[in-house]
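User: I should like to learn how to read the features of a protein model. Please take me through them in turn.

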Amino acid sequence: MTDSRQIEQQAADWLVRRDADGWTAREQTTLDGWLGESPRHKVAFLRLQSAWAETGRLQALAAGLPAGTLPPRRLSADSTADARPDLRGITFAPRHGAGHGARIPGWRNVAAALTLVAAGSAAWGGWQISGREQAQYASTVGQIQTVTLPDGSTATLSSDSRLDVRISRGERNIALLQGEAFFDVAHDTRRPFVVETGGRRVAAVGTRFSVRRDPGAVRVVVTEGKVRLESQAGADGRAQPVSLLPAGSVATAGRNGVLVRSVPVADAERYLEWRDGFLTFDDTSLAEAASEFNRFNTRKLELADATVATLRVGGNFRWSNAEGFARLLEQGFPVRAERHEDRIVLHTR
């Protein structure tokens, strides 16, 4: 599947070319063909077209230019690559039953999407006992925090996550007590890097991967190198089955075993866009999408009935902007949002 960032860049290129002088019928036909290839193409183009119309060309294209400088009218697709800002934000693909062809209304004030900047640093405490270094790290709700571990590896903690780190001359043990973390492991063949959580062990030497702990399940995403996923030894001490996960693996381990999917590394990276402030959905139920938003926000999304929970959404959303997500649902779905100080309740309209 085409990466959402690439789609938005292509949509921006088309929009710039169409706005330039000399737009031809042949170019319009080519654009129509691109829009018809995928609903995601059309959604991205409509979103950027709305931003273009509502916020003006200066806001849509001139981010990063010197103060007082207006973007030129005639820009080629290549020449805009450096001047154009990162146009990722909120994309929207309403899909529900037979309503795939429903019109997608424009969204006002796209450029004003809220971004939460997490303040403070991860809680930390470290000490040394008999040659073993120990440390604890924690992030609060809505905080993404990258820390350097005693062995030189780095860990990026997702919202509301906790790590207990114990490193000695012969081992590197990390307990993920809560939440999710992405690890960039310092290479050391003498000391395997082992993450333990939810009755599972994830072992690596030098690689990049994430581990997420959910009720009843553990998810591992590998973006570089290889890791071993295994169950902790049972009461009888017998070794448990091992899954070897290369880059591009997305593994979910639960009560019924381990499910492993192999995808392009670029697609595996989409599971980790929370590090940059985004959540990516692809034909995802609203129940699951709301649960993801709630991991990062103290103001929760609640679903009032089963019908609204089964609606399907797709696109790239800022996890800090649950209010904007609710507004989009009201515009594109039969959804009514009931707003309270501590929650937003979504009803079928």
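Analyst: The discussion below treats confidence, strands and sheets, a buried residue and aromatic pairs.

This is a predicted model, in which local features need pLDDT of at least 70 and side-chain atom pairs count only at pLDDT 80 or more, while totals for chains, interfaces and linings use all residues. Residues are numbered from 1 along each chain as its sequence is written, and side-chain values use heavy atoms, with hydrogens and water left out.

User: What is the mean pLDDT of the protein, and which elements have the lowest and highest mean values?

Analyst: The pLDDT is the predictor's confidence in each residue, from 0 to 100. Where it is low, the predicted coordinates should not be read in detail. Here the mean is 77, and 71% of the residues reach 70 or more. Among the elements, helix H4 (residues 80-83) has the lowest mean pLDDT, 34, and strand E16 the highest, 98. Over residues 55-125 the pLDDT is below 50, and this stretch has 144 contacts in the model beyond near neighbours in sequence; contact means heavy atoms within 4.5 Å.

User: In what order do the strands of the sheet with E16 lie, and which stand at the edges?

Analyst: Strands of a sheet pair through backbone hydrogen bonds, either parallel or antiparallel. Helices (H or I, at least four residues) and strands (E, at least two) are DSSP runs numbered from the N terminus, and two strands pair if DSSP finds at least two bridges between them. In this case, 3 strands form an open sheet with mixed pairing, in the order E16-E19-E18. Strand E16 (300-303) and strand E18 (335-339) are at the edges with a single partner strand each, so one side of each has no neighbour in the sheet. Neighbouring strands are turned by 25° against each other on average, direction ignored. E16 and strand E19 (residues 343-348) run parallel and are joined by 4 bridges; Glu 302 has Val 345 in E19 as its bridge partner.

User: Which helices accompany this sheet, and at what angles do they run?

Analyst: Axes are lines fitted to C-alpha atoms, for helices over the stretch in contact, and angles run from 0 to 180 degrees between N-to-C directions. Helix H6 (residues 286-296) lies across E16 and E19, at about 160° to E16. Helix H8 (residues 322-332) packs on the sheet and touches E16, E18 and E19, its direction making about 145° with that of E18.

User: How many residues lie between E9 and E10 in their hairpin?

Analyst: There are 2 residues between them, and Gly 216 in the turn has a positive phi of about 80°. Strand E10 (residues 217-224) runs antiparallel to E9 over 7 bridges, with Val 211 opposite Val 220 in E10.

User: Is Ser 249 buried or exposed?

Analyst: Buried means under 20% relative accessible area, exposed over 50%, and partly exposed in between (1.4 Å probe, protein chains only). Ser 249, in strand E13 (residues 249-254), has 1% relative accessibility and therefore counts as buried. Its side chain reaches the backbone oxygen of Pro 246 at 2.7 Å.

User: How are the rings of Phe 293 and Phe 317 arranged?

Analyst: Rings of Phe, Tyr and Trp (its six-membered ring) pair if their centres lie within 6.5 Å; planes under 30 degrees apart count as stacked, over 60 as edge-to-face and the rest as tilted. The count by this rule is 10 aromatic pairs. The rings of Phe 293 and Phe 317 have centres 6.5 Å apart and planes at 70°, so the pair is edge-to-face. Phe 293 lies in helix H6 and Phe 317 in strand E17 (residues 312-318), so the pair ties together parts 24 residues apart in sequence. Phe 293 is buried at 1% relative accessible area, and Phe 317 is buried at 0%.

Definitions and conventions: A polar contact is a pair of N or O atoms within 3.5 Å; within protein, one must be able to donate a hydrogen and the other to accept it, and residues adjacent in sequence count only if both atoms are side-chain atoms.
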